Amino acid sequence: MLPAWIVLDPLLQSWLQEDLGRGDCTTQGLGEAAQGWGKASWMAKAEGAIAGLPIAQRLFYLLDPRVQLSAEVSEGSEVHSGQLIASLEGPLASLLSGERVALNVAMRLSGIATTTHRYVSAIADLPAQLVDTRKTTPGLRVLEKYATNIGGARNHRMGLDDGVMIKDNHIAVAGGIGAAIKQVRDRIPYPLTIEVETESLEQVAEALAHGADIIMLDNMPVQTMREAVQIIRRVEGVKSEASGNVTLETIRAIAETGVDYISSSAPITRSPWLDLSMRID
């Protein structure tokens, strides 16, 4: 689910460089005391789902290949406060210098996975699937989307080159839904699908009439959404997606309308970090 390291390594190296700067003054200042071999433990300080251990492992490897990080839980595992999640061994100086960056990544991704899991659990008995969005931190999209996947969601398009989504501003520029679909379909490569954002039943009907593959129901009241789903189901192969105002309090009612997908930025934009810590044994 992660890209090859050749893709991620420049990003990870830049994080290490940002933190290390001209060197770890504190660790270097310890002199011989930090020159030995040591072991450390990563502990959870709160309940949640773990994500990002492979990335943390790679960060330590890039800093010092002698450092070994062994995961004590699998990605996506639910953990409790005080639980051991990883064991580390290597030069003490490298354990100390790499601690903050590696923990930051795991804490951020674990927080996203934890929030995602809560959303997914709220609709686990219904057919609708939770998907993420492009509302991600610049530079962190691939990892934040990795974390939502670990939490149980499906990934929406990774970027603008990954699929067609005709939104309100595209419709305004083109002069209407029908015109937008025709102009886009004449230019995009096969087999990209076309998704259209709609805000009313009239727009749903127009998007269907012009051959949209996916209809997004944006910020519709639940009753209107339910009617839209029934209209969409009359056309074979067309999928429905709900979006807008999706919270833990509203997601179940949205899923009960019968939509195929529910897209939400909340698991990424509203997730707190999961508190983790490292202790030298």
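Colleague: I'd like to learn how to read this model, beginning with the strands. Which residue in strand 5 is the bridge partner of A40?

Modeller: In strand 5, A40 is partnered by L88. Do keep in mind as we go that the model is predicted. That one pair belongs to a longer run: strand 1 (residues 37-44) and strand 5 (residues 84-91) are joined by seven bridges, and the two strands run antiparallel.

Colleague: Which other strand pairs with strand 1?

Modeller: Strand 12 (residues 276-280) does, again in the antiparallel sense, over five bridges. To find the register, look for M43, which stands opposite S277 in strand 12.

Colleague: What should I expect of side chains along a strand?

Modeller: In a regular strand they alternate between the two faces of the sheet. With that in mind, let's turn to a residue of strand 12, M278.

Colleague: Is M278 buried or exposed?

Modeller: Here the cut-off helps: a residue is called buried if its relative accessible area is under 20%. M278 has 5%, so it counts as buried.

Colleague: Which residues does M278 touch, once its neighbours within four places in sequence are left aside?

Modeller: Its contacts are A40, S41, W42, L95, E99 and L103. A40 is the residue we began with, the bridge partner of L88. L88 itself is 190 residues away from M278 in sequence, yet their C-alpha atoms are 9.4 Å apart in space.

Colleague: What share of the contacts in the protein joins residues 24 or more positions apart?

Modeller: Among contacts with a separation of 6 or more, the share is 70%.

Colleague: How do the UniProt annotations divide the chain?

Modeller: The record is an unreviewed entry, and it gives residues 24-110 as "domain: Quinolinate phosphoribosyl transferase N-terminal". In the model that span is 40% helix and 28% strand, and its end C-alpha atoms lie 26 Å apart. For residues 112-279, UniProt lists "domain: Quinolinate phosphoribosyl transferase C-terminal", again from an unreviewed entry. This second span is 39% helix and 17% strand, with its end C-alpha atoms 24 Å apart.

Colleague: And for the protein as a whole, how many helices and strands are there?

Modeller: There are 11 helices and 12 strands. The C-alpha trace spans about 75 × 40 × 25 Å along its principal axes. Of the 281 residues, 46% are buried.

Colleague: Can we look at a helix next? Which residues of helix 3 are buried?

Modeller: In helix 3 (residues 53-63), they are L53, I55, A56, R58, L59 and F60. A useful next step is to see what covers them. The cover includes helix 1 (5-20), strand 1, strand 3 (68-71), strand 5, helix 4 (92-122) and helix 5 (141-150).

Colleague: Helix 5 contains E144. Is E144 buried or exposed?

Modeller: E144 counts as buried because its relative accessibility is 0%. Beyond its neighbours within four places in sequence, E144 is in contact with R108, L109, I112, T136, T137 and I268.

Colleague: How does another glutamate, E227, read?

Modeller: E227 is in helix 9. Its relative accessibility is 36%, so E227 counts as partly exposed. The C-alpha atoms of E227 and G258 are separated by 9.9 Å, with their positions 31 residues apart along the chain.

Colleague: Which peptide bond should I look at for a cis example?

Modeller: Go to the bond between Y190 and P191, which is cis with omega of about 10°. P191 is in the loop between helix 7 (177-185) and strand 8 (194-198).

Colleague: What about backbone phi values in the loops?

Modeller: Two asparagines are worth a look. N219 has a positive phi of about 55°, although it is not a glycine, and sits in the loop between strand 9 (214-218) and helix 9 (222-232). N245 also has a positive phi of about 55°. The loop that holds N245 runs between strand 10 (239-243) and helix 10 (251-255).

Colleague: Why does N245 count as exposed?

Modeller: The cut-off for exposed is over 50% relative accessible area. N245 counts as exposed because its relative accessibility is 56%.

Colleague: Last one, the surface and the charges?

Modeller: The accessible surface comes to about 13,900 Å², and 51% of it belongs to carbon and sulfur atoms. The protein has 25 positive and 34 negative charges, whose mean positions are 2 Å apart.

How values were computed:
Residues numbered from 1 in each chain as written. Predicted model: local features only at pLDDT ≥ 70, side-chain atom pairs only at ≥ 80, totals over all residues. Heavy atoms only, no water. Helix = DSSP H or I, 4+ residues; strand = E, 2+ residues; numbered from the N terminus. Buried < 20%, exposed > 50% of the residue type's maximum accessible area, 1.4 Å probe, protein only. Contact = heavy atoms within 4.5 Å. Areas by Shrake-Rupley, 256 points an atom, 1.4 Å probe, with all protein chains shown as cover. Lys, Arg positive; Asp, Glu negative; His and termini not counted. Charge placed at Lys NZ, Arg CZ, Asp CG, Glu CD. UniProt positions renumbered as here; feature names shortened; annotations may be inferred. Pairing = 2+ DSSP bridges.
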